[in-house]
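Reader: I am new to this structure and would love a friendly tour. Could we go through it step by step?

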Amino acid sequence: MALDILLLGPQGAGKGTQGKLISAEYGIPHIATGDMLRAAIAAGTELGRQAEPLLRVGELVPDEVMIGLIRDRLAGDDARDGFVLDGFPRTAAQAEALDTMLDEIEHPLTVVFEFQLPEEVCVERLLRRAREEGRADDTPEAIQTRLRLYYEQTEPLAAYYRVRGILVGIPADRSVDDVFAEIQKALEQAAVR
């Protein structure tokens with residue numbers, strides 16, 4: 001059985017960190033759409049040129065571009081046994097488009113982890129990340145825009161996945177190891193379903 005995982009949560013909640021741990025532990029790729037977009041910008045690809053001005057101000061890249069990017073990535077041999085998707089979907093329309101695409105390629109989601117973290121902790125973590133990693137897209141203004149968009153558009157997706165019975169809430173204001181231990185326990189339970 002493929003292990004097809006989606007990570008939801010505000011920026012700064014630890015999705016990237018946990019995605020890398022899940023990837024290493026379960027041998028499935030961590031597909032971080034933000035990293036893919038930043039790589040496209042750095043490489044100067046057509047996608048990168050389209051995305052760069054949007055990301056700089058904290059806006060979203062068009063849905064059809066993101067779905068195409070993800071579909072191409074999931075076609076890789078390393079995603080045959082599953083994937084950890086991080087950073088998409090961000091809206092209800094994207095969630096529906098993603099579900100349709102995943103059904104077409106016979107990779108429906110196994111579990112959706114919702115990382116839950118107070119907004120002030122997100123801001124604190126993102127500002128620290130900006131200092132430590134020199135992330136140009138982590139300006140205070142862009143952080144506020146992304147968090148506002150998250151709470152308006154993405155947080156409601158938790159209800160969408162809860163109805164489908166695949167949502168697992170994860171309190172993310174704990175140590176990396178504690179959060180990962182809870183994820184592992186949930187994945188063990190998902191495997192026996």
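Reader: Thanks! In which loop does Pro 89 lie?

Author: Happy to start there, and please keep in mind that this is a predicted model. Two elements frame the stretch that holds Pro 89: one is a strand covering 82-86 and the other a helix covering 92-104. Pro 89 therefore falls after the strand and before the helix, in the loop between strand S3 and helix H5.

Reader: Is the peptide bond from Phe 88 to Pro 89 cis or trans?

Author: The angle to look at is omega, which is near 5° for this bond. With that value, the peptide bond from Phe 88 to Pro 89 is cis.

Reader: What is the sign of phi of Glu 106, and where does Glu 106 lie?

Author: Glu 106 is a residue other than glycine, and its phi is near 55°, a positive value. As for its place, Glu 106 sits in the loop between H5 and strand S4 (111-116).

Reader: Let's turn to empty space. How many cavities of 30 Å³ or more does a search of the whole structure find?

Author: A general idea helps here: rolling a probe the size of a water molecule over the atoms shows where empty space is left. The largest cavity has a volume of about 60 Å³. The second largest cavity holds about 60 Å³ of space. Counting cavities of 30 Å³ or more over the whole structure, the search finds two.

Reader: Which elements give two or more residues to the lining of the largest cavity?

Author: The lining includes Leu 7, Leu 8, Phe 88, Pro 89, Tyr 150 and Thr 154. By class, this lining has five nonpolar, four polar and two charged residues. The elements that give two or more residues to the lining of the largest cavity are strand S1 (3-8) and helix H7 (140-154).

Reader: How do the residues lining the second largest cavity divide by class?

Author: Its lining is made of Gln 11, Gly 58, Leu 60, Arg 90, Arg 146, Leu 149, Tyr 150, Gln 153 and Thr 154. Sorted by class, they give three nonpolar, four polar and two charged.

Reader: Which helix gives the most to the lining of the largest pocket?

Author: The largest pocket has about 950 Å³ of space and a lining of 42 residues, with Gly 12, Lys 15, Gly 16, Arg 129 and Arg 135 nearest its centre. Those lining residues split into 13 nonpolar, 13 polar and 16 charged. At least two residues each come from helix H1 (15-26), strand S2 (30-32), helix H2 (33-43), helix H6 (119-133) and helix H9 (176-192). With six residues, the one that gives the most is H6.

Reader: And which element has the largest share of the lining of the second largest pocket?

Author: This pocket has a volume of about 190 Å³, and its lining consists of Arg 38, Ile 41, Glu 52, Leu 55, Arg 56, Arg 135, Ala 136 and Asp 137. They divide into three nonpolar, no polar and five charged. H2 and helix H3 (46-56) each supply at least two of the lining residues. The largest share, three residues, comes from H3.

Reader: Now for the helices: are H4 and H5 roughly parallel or roughly antiparallel to each other?

Author: Two packed helices are described by the angle between their axes and the distance between the axes. Helix H4 (residues 63-74) and H5 pack at about 30°, with axes 10 Å apart. Angles under 35 degrees count as roughly parallel. H4 and H5 are therefore roughly parallel.

Reader: Which residues of H4 make the contact with H5?

Author: On the H5 side, the contact includes Ala 93, Ala 97, Leu 98 and Met 101. By class, the whole contact has eight nonpolar, one polar and three charged residues. From H4, the residues are Asp 63, Ile 67, Ile 70, Arg 71 and Leu 74.

Reader: Are H6 and H7 oblique or roughly parallel to each other?

Author: H6 and H7 pack at an angle of about 140°, with their axes 11 Å apart. Angles over 145 degrees would count as roughly antiparallel, and 65 to 115 as roughly perpendicular. H6 and H7 fit neither class, and are therefore oblique.

Reader: Last one: is the crossing of H6 and H7 left-handed or right-handed?

Author: Among the residues that meet here are Cys 122, Val 123 and Leu 126 of H6 and Ile 143, Leu 147 and Tyr 151 of H7. The crossing of these two helices, H6 and H7, is right-handed.

Technical notes. Residues are numbered from 1 along each chain as its sequence is written. This is a predicted model: local features need pLDDT of at least 70, side-chain atom pairs count only at pLDDT 80 or more; totals for chains, interfaces and linings use all residues. Side-chain values use heavy atoms; hydrogens and water are left out. On a 1 Å grid over the protein atoms alone, a cavity is a set of points where a 1.4 Å probe fits but cannot get out, and a pocket is an open set with protein on both sides within 12 Å along at least five of seven lines; lining residues have an atom within 4 Å of a point. Grid points are joined across faces, edges and corners, and a volume is the space filled by probe spheres set on the points. Helices (H or I, at least four residues) and strands (E, at least two) are DSSP runs, numbered from the N terminus. Ala, Val, Leu, Ile, Met, Phe, Trp, Tyr, Cys and Pro count as nonpolar, Asp, Glu, Lys and Arg as charged, and the others, Gly among them, as polar. Axes are lines fitted to C-alpha atoms, for helices over the stretch in contact, and angles run from 0 to 180 degrees between N-to-C directions. A crossing is left-handed if the near helix is turned anticlockwise from the far one by less than a right angle, and right-handed if clockwise. Contact means heavy atoms within 4.5 Å.
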